[in-house]
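Welcome to a short tour of charges, rings and backbone angles. Have a look at the fold first, then follow the text from one site to the next.

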Amino acid sequence: MSTFFAFVRLEHPEIIQNNDLPIIQPLVPLQAFIGWNPQNRPEFTNLINFNNQPQIPLKNGLRYYNVSRSSVLFCVSGNSNAYHTQDPPNVRLFYPNPNHVGMVVKVVFCSPERERTVTELRIGNNRVAEINVPLVETVMPFAPNYAGPWKAIEVHTTINRSDVRVIHRIEHHDFNRVPYPDYWARNGGYGRVDPSTLNKQSQAAICYQYATYVILKYSRWDQVLCAQYPGAKFKLMGFETNNPYHDDFSGTGAHWHLAVRGTTDKLIYSTPHIYMDGEGRCLALEHHKLFHLGPFVARVGENGCLELNPLTKIRNVTSGKYLHVLLGKQNQRDAVHMFNNEEADNPGNLWMLEHDTSNSTLLRSFRSGRYLHVRLSLIGEGNEVSMFNESVDGGDHWKITRHDGTCRILNVRSNTLLSSTPNAGDRDKALQKQSNDICTEWQLDWNHNLEYSYKIQMRAEEGRATAAILRNGVEWAQIGTSDSTNGDLGTISFRAALQGEEVFEEIHYNRFTGNNLRQ
């Protein structure tokens, strides 16, 4: 016989002290999980079996499962998933504190349709309330890659965009539902973070999501991704402060995700973690600062801004070889070479385009993170081009001129053209040339929509966040977002001002479930 599971979250209108927590008593043959180990993968460390004692004394009931300041979360399982609204209660709640008589408790669980639902219970004069819990989950909770019960745990709202291949998953931060400080063995969890800081970071995560959505809408990079991988999409997500089964703080705390789904390219970073400081700005952490996302790259830049730059290969028309950074030649002042490796997942072939206000472009190697550069001491016909750490005196600035499907790439400092020899072999150096000829013709991935690069500059406050989007170094859009609640209703507000137009959008959701009330 199959075993079915149910997660139940009790939301109290006030902070509940440990001595006042409800006792949870199954009224029918059920099992109740009462322990877990947060140091490793969640696992049940104790299991009470009520199958032979359906009417057990209250003192032997389940005291609690997981607790935060205002909520209690527990799980029960049984051998039947039969559930009808008219069925008798199968779980009883007993509140030991007489002051809780008459208190209204919100009960959140997964319905047979697996949508989060909420009902209200009023604690009676005998300090007891009874509920009918639907047992609908068929997979052991916390099995690898299992997200079923999370619907009843972390409150989030999903927004499916119709104009862009984008899904938002907006996590709603509630300070009273954050697990207690040091709940997690590793780094203590979000309970150790200053409440004001956590609020600002959660607001910044929502603003980053909306700013990224606006950029994807106008850059059409989602269309580029889908042209290569039909069905692919971007998924924008925040971080979970209220989930006691996911140590989302592990590592460096608050973050958000600009994720890619539905691709097979080994270089594409499927779920980047973009970490934030206490003011909501991006942190350039080792292994968490540069992300290949298909037609563009996300990079944490200076002063905590996030850069979204188009990505391309650069192929010489005459030699047929690619401008390439060799694995063993990617340091400061190393020469840049030509190479014939056409593998899509070879990082040596890939270059980010960073456009600026002077109508010039910096070419940054995805492999080395350094700029394509003409050194002052090596200006001249036939000399090599190099790698350099930062933009210096125009040596990193290039003018890209398109014509007849190809382009020429002119260095601003030297006024020389990027070139290759006609019969360049693998690992031959890329060169400079004074005049146009067939060796100075290059092909780029123009279908990646290479014309614009973007920067997001964030400013977060408690309750809201704003961001400026720069396009090719010039302010292009202002973004404002907020996430607030009033009673049972939550409201996400999005505002964008760009190109002389202002767009305003509000999405209302159930505060206790996150369900989008617009859809």
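Asp 396 is found in the loop between strand S24 (386-388) and strand S25 (397-403). Strands here are DSSP runs of E with at least two residues, and helices are runs of H or I with at least four, numbered from the N terminus. The model is a predicted one, where local features need pLDDT of at least 70, side-chain atom pairs count only at pLDDT 80 or more, and totals for chains, interfaces and linings use all residues. Residues are numbered from 1 along each chain as its sequence is written, and side-chain values use heavy atoms, with hydrogens and water left out.

What surrounds the charge of Asp 396? Asp 396 is buried yet has no salt bridge, and the nearest side chain of opposite charge, Arg 413, is 7.0 Å away. Buried means under 20% relative accessible area, exposed means over 50%, and partly exposed is in between (1.4 Å probe, protein chains only). For charge, Lys and Arg count as positive, Asp and Glu as negative, while His and the chain ends are not counted. The side chain of Asp 396 does make a polar contact with the side chain of His 373, at 2.4 Å. Such a contact is a pair of N or O atoms within 3.5 Å; within protein, one must be able to donate a hydrogen and the other to accept it, and residues adjacent in sequence count only if both atoms are side-chain atoms.

Salt bridges are found elsewhere: the structure holds 21 of them. Each is a side-chain nitrogen of Lys or Arg within 4 Å of a carboxyl oxygen of Asp or Glu. Three are listed here.

| Salt bridge | Closest N to O |
|---|---|
| Glu 11 and Arg 9 | 2.7 Å |
| Arg 161 and Glu 505 | 2.9 Å |
| Glu 441 and Arg 408 | 2.7 Å |

Arg 161, in the loop between strand S11 (156-160) and strand S12 (166-171), and Glu 505, in strand S34 (residues 501-510), are 344 residues apart and link distant parts of the chain. Arg 161 is buried, with a relative accessible area of 14%, and Glu 505 is buried with a value of 14%. In the pair of Glu 441 and Arg 408, Glu 441 is buried at 11%, whereas Arg 408 counts as partly exposed at 22%. Arg 9, Glu 11 and Arg 177 are joined into one network by salt bridges that share partners.

Next come the rings. There are 11 aromatic pairs. Rings of Phe, Tyr and Trp (its six-membered ring) pair if their centres lie within 6.5 Å; planes under 30 degrees apart count as stacked, over 60 as edge-to-face and the rest as tilted. Tyr 269 and Phe 291 are edge-to-face, because their ring planes stand at 90°, with centres 5.1 Å apart. Tyr 269 is partly exposed at 31% relative accessibility, while Phe 291 is buried at 0%. One aromatic cluster is formed by Tyr 218, Trp 221, Phe 234, Phe 296, Tyr 454 and Trp 476.

Arg 402 lies over the face of Trp 446, 3.9 Å from the ring centre. A charge sits over a ring if NZ of Lys or CZ of Arg is within 6 Å of the ring centre and within 35 degrees of the ring normal.

Finally, the backbone. Most residues other than glycine have a negative phi. Asp 404 has a positive phi near 55°, and Asp 404 is exposed at 79%.
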